[in-house]
Structure formats: structure tokens, C-alpha cells
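The exercises below concern aromatic ring pairs and the strands that carry them. Work through each task before reading its solution.

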Amino acid sequence: MTQAHTSSASVDAKQVPPLAEHQTDALLALVLKQLDDDQAQDIVTIDLEGKSSIADHMVIVSGRSTRQVASMAQKLAETLKQNGYGPVKLEGLPAADWVLLDAGDVVVHLFRPEVRSFYNLERMWAFGDTPDKAIGRA
């Protein structure tokens, strides 16, 4: 990481203020609707409030192929932008085995099933919760 990326002046200028709770809920609802419309499989939401400062919610889904994973990620990014949530950050799109979409208060992980089972993010992020509370299926 270069000096320019670590200086507080450059970070402050690019940070987006957190959304209000009702806006975060609307963002999560939009994400879940779009993923459902795109036939994402095994949609799981994890509430991160009080566990991490990276986001309020994590959504984990599977696609049947790298093509579907890439398509879902690109379409979700475009939908969020069109609905006023600004441009989102996408990582992993070229390979599309695991694509991370960072929409600020909601982080979405899109996987091929084999890659998802290998990393098992649901188990890693469910620490300290009962199984019913930790993982909510949509």
C-alpha cells in the first residue's frame, strides 16, 4: 500500500457516511430482491452489528457457474447504482469463483458452490450467536 492510500487526508475525502438504519434496511432489501430475481442459490444473511465495523449486514449466496456469479455481481452493482446507492466496489470479477461486492453497510459474497463450501464464511461469522440468530435464510 502506498503512502497516498494510508494518509488520513485521502481516506477522509473518500469515505461515505454510514446510512441511517432505515436506509440500511432498504439497501439490504434491494440486495436480497435482486439476488432472488437473478436466481441466486442458498441466500444467507448475517447481522454484523456489534461484531464488526466493516458493515451492518453480510449476504452470502451461490451461483451455479462462474458466468452466473459474474452476471449476478454486475447486475447487482448496476441496480444499486441506479437506485442511488452510488458505485459499489467489486473484487474477484475476472475469475468469478468468489466475487465480493462492497456496498458500504451491506457486503455481498457471491460464490460458486465448491468455493463457498471451502471457505465456509457462514460458520466463521456466526461466532457468539445461536444458530437461529446467526444465520437467517431468505
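**Exercise 1: The faces of a strand**

Task: determine which residues of S4 lie on its covered face and which on its uncovered face.

Solution. In this predicted model, the covered face of S4 holds Val 99 and Leu 101, whereas Trp 98, Leu 100 and Asp 102 make up the uncovered one. The general reason is that side chains in a regular strand alternate between the two faces of the sheet.

**Exercise 2: The neighbours of S4**

Task: establish how many bridges join S3 to S4, and how many join S4 to S5.

Solution. Strand S3 (residues 89–91) runs antiparallel to S4 and is joined to it by 3 bridges, with Leu 90 having Leu 101 as its bridge partner in S4. On turning to S5, one finds that S4 pairs with it over 5 bridges, again in the antiparallel sense, and that Val 99 stands opposite Leu 110 in S5. The hairpin of S4 and S5 has 3 residues between the strands, and Gly 104 there takes a positive phi near 85°.

**Exercise 3: Classifying a ring pair**

Task: decide which class the pair of Trp 98 and Phe 111 belongs to, stacked, tilted or edge-to-face.

Solution. The rule for pairing gives 3 aromatic pairs. For Trp 98 and Phe 111 the centres are 4.8 Å apart and the planes are at 35°, which makes the pair tilted, because stacked requires under 30 degrees and edge-to-face over 60. Since Trp 98 lies in strand S4 (residues 98–102) and Phe 111 in strand S5 (residues 106–111), the pair ties together parts 13 residues apart in sequence. Phe 111 is buried at 1% relative accessibility, while Trp 98 is partly exposed at 28%.

Conventions: Residues numbered from 1 in each chain as written. Predicted model: local features only at pLDDT ≥ 70, side-chain atom pairs only at ≥ 80, totals over all residues. Heavy atoms only, no water. Phe/Tyr/Trp six-rings, centres within 6.5 Å; stacked < 30°, edge-to-face > 60°. Helix = DSSP H or I, 4+ residues; strand = E, 2+ residues; numbered from the N terminus. Buried < 20%, exposed > 50% of the residue type's maximum accessible area, 1.4 Å probe, protein only. Pairing = 2+ DSSP bridges.
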